[in-house]
There are 2 protein chains.
Amino acid sequence: MVKRTSHQSADCLIARPLDAIGDWWSLLIVRDAFDGLRRFGEFQKSLGVAKNILSARLRSLVAHGILEIVPAPDGSAHNEYALTEKGRGLFYVLVALRQWGETYFSGPGEPYTFMVDTRTGRPIRRLEVHAEDGRQLAPGETRLADFRVTETG
Amino acid sequence: MVKRTSHQSADCLIARPLDAIGDWWSLLIVRDAFDGLRRFGEFQKSLGVAKNILSARLRSLVAHGILEIVPAPDGSAHNEYALTEKGRGLFYVLVALRQWGETYFSGPGEPYTFMVDTRTGRPIRRLEVHAEDGRQLAPGETRLADFRVTETG
DNA sequence: CCGCAATGGTTTCAAGTTGAAACCGAGTCG
DNA sequence: CGACTCGGTTTCAACTTGAAACCATTGCGG
C-alpha cells in the first residue's frame, strides 16, 4: 500500500483513488466481482492469490466502501462480497484498462476476449473523452483547473 | 511488482496492463507526464518519491514502452522522459480514475481540481460506455466474449 | 584552472510487505 | 463419529521499499 503521503502532489484525485483501491490484486478482485464472483473461494480460485493476501485485500476493499459484506442468499453461514455503488463506479477504470490492454497486449494466438454489449453480443465502442459541447478531446486538449475557474462561457 | 503469474485468470487483458504499468507510483508518473513533466527532478519534486524508486519506475516504464528517453531539447546532457503513443493510451485510464475520484473523494474544503477542455475552459463530460449502436451501457450490460464470438448480427 | 553547487542518478541497509504453507474452527455430509 | 469443505488466520523466510548517503557529470563564478 502506498504510505500516507501528505506531501503528495496537489492532484490527490488520482492518488487517493489509487490508495483506496489498494493494489493490483484489489483491482483484479473488483474485476472478478463485475464478472459475478462473490465468494472468498471463488476469488481465490480465479486469481490464484494466497489466502492471506486475498483476505487482507477483501478487508481493505470493504473498509474503503468498494465492496460490502452481504449475507449469503441461501441463508448459509458464510457471507459474500458484493460491489457497492462506489465499487461499481470503477467500471470505467476497468473498461479503460481493458481497452488499453486490447490495443497493446493482445498478441496473436492468445485467448483473446473483448467486451461486448450483452444484449446484442457486439463489441462496445472505444471510450472517448468529450467536451461539454460534444467535441471529442484528445489527451493534449484537456488540462486541470481548480474549483474557482473563471466561468468564461 | 506483481509476480509472473502464469496461473492468472483467463482475462489477462486487465492483469497484463496492470503488470506493465507497474505500481501506483508509475501511474502517478504517467499522470505527471501528461501534465508536461519530463525530467527526473521534476517528477521527484512533484511526487516526493525516493530517488531510487523513481529511478526504478522510470526504467520500468521505459522498458514497457510507456515512456521513452529523448535527448534534452536544449541540447544539454541530461535526457528527458516522454510519453510514447502507448503511454498516451493511458489517458482514458487516468480520466476514469480521476472522475471516480471526483465523485467519491473530493470533500468540501479540499483543493478541488477537475478536468476541463483546454479550448473553452469548461469541464469535460463524464465517460460513458456505448454499444456499437450508440446506446449507453451500464456496468451490468456488458460481458466478456472470446474471439470466436458468433456474429449474430 | 579550481572550487562549488545542481542534476541525475546508484548503493546501502533497516524496516515493512508479501506470499506459500501450515494451521484452525465451524458447518456438512455419510 | 470421521472426513471433508469453506473461510479464513498465523507463521516465517524471502523480497521490496524507501531514506539517506554516496557518486559522477555538467554548469558556472572567480
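Helices and strands here are DSSP runs, numbered from the N terminus, with helices of at least four residues and strands of at least two. That numbering gives labels such as H3 and H4. The model is predicted.

Start with DNA strand C. H4 of chain A, helix H3 (40-47) of chain B and H4 of chain B each supply at least two residues of the surface near this strand. H4(B) gives the largest share, 4 residues. In total, 15 residues lie around DNA strand C. The nearest are A:Asn52, B:Arg39, B:Lys51, B:Ser55 and B:Arg59. By class, this surface has 5 nonpolar, 5 polar and 5 charged residues.

What does the protein touch on this strand? Of the strand C atoms within 4 Å of the protein, 55% belong to sugar or phosphate, and the rest belong to bases. Individual contacts show both kinds. On the backbone side, an N or O atom in the side chain of B:Ser55 is 2.3 Å from a phosphate oxygen of DNA strand C. The side chain of B:Tyr81 also places an N or O atom 3.0 Å from a phosphate oxygen of this strand. On the base side, a polar side-chain atom of B:Lys51 lies 2.6 Å from a base oxygen.

Now turn to DNA strand D. Here 16 residues surround the strand. A:Arg39, A:Lys51, A:Ser55, A:Arg59 and B:Asn52 are the closest. Sugar and phosphate make up 58% of the strand D atoms that come within 4 Å of the protein. Helix H3 (40-47) and helix H4 (51-63) of chain A, along with helix H4 (51-63) of chain B, each supply at least two residues of the surface. H4(A) provides the largest share, 4 residues. The surface near strand D counts 6 nonpolar, 5 polar and 5 charged residues.

Three side chains pick out the details on strand D. A:Ser55 has an N or O side-chain atom 2.3 Å from a phosphate oxygen. For A:Arg59, the corresponding distance to a phosphate oxygen is 3.0 Å. B:Asn52 goes to a base: a polar atom of its side chain lies 2.2 Å from a base nitrogen of DNA strand D.

Step back to chain A as a whole. The chain has 6 helices and 6 strands. Along the sequence they run α-α-α-α-β-β-α-α-β-β-β-β. Of its 153 residues, 50% are buried. Among contacts with a separation of 6 or more, 40% join residues 24 or more positions apart. The accessible surface comes to about 7600 Å², and carbon and sulfur atoms hold 52% of that area.

The interior comes next. The largest nonpolar core has 87 residues. Those touching the most other members are A:Ile29, A:Phe43, A:Leu67, A:Val129, B:Ile29, B:Leu67 and B:Val129. Take A:Leu67. Beyond its neighbours within four places in sequence, A:Leu67 contacts A:Ile29, A:Ala33, A:Leu58, A:Leu61, A:Val62, A:Tyr81, A:Ala82, A:Leu83 and A:Thr84.

Finally, look at helix H1 (residues 12-21) of chain B. Why is this helix described as largely enclosed by the rest of the structure? Because 8 of its 10 residues are buried, meaning under 20% relative accessible area. Among them are B:Leu13, B:Ile14, B:Pro17, B:Leu18 and B:Asp19. The packing partners come from both chains: helix H2 (24-34), helix H6 (91-105) and strand S3 (113-117) of chain A, with helix H2 (24-34) and H4 of chain B. After H1(B) comes B:Gly22, with a positive phi near 110°.

Key: Residues numbered from 1 in each chain as written. Chains lettered and ligands numbered in written order. Predicted model: local features only at pLDDT ≥ 70, side-chain atom pairs only at ≥ 80, totals over all residues. Heavy atoms only, no water. Near = heavy atom within 4 Å. Polar contact = N/O pair within 3.5 Å; in protein donor to acceptor, adjacent residues only side chain to side chain. Nonpolar A, V, L, I, M, F, W, Y, C, P; charged D, E, K, R; others polar. Core = buried A, V, L, I, M, F, W, Y, C linked by side-chain atoms within 4.5 Å. Buried < 20%, exposed > 50% of the residue type's maximum accessible area, 1.4 Å probe, protein only. Contact = heavy atoms within 4.5 Å. Areas by Shrake-Rupley, 256 points an atom, 1.4 Å probe, with all protein chains shown as cover.
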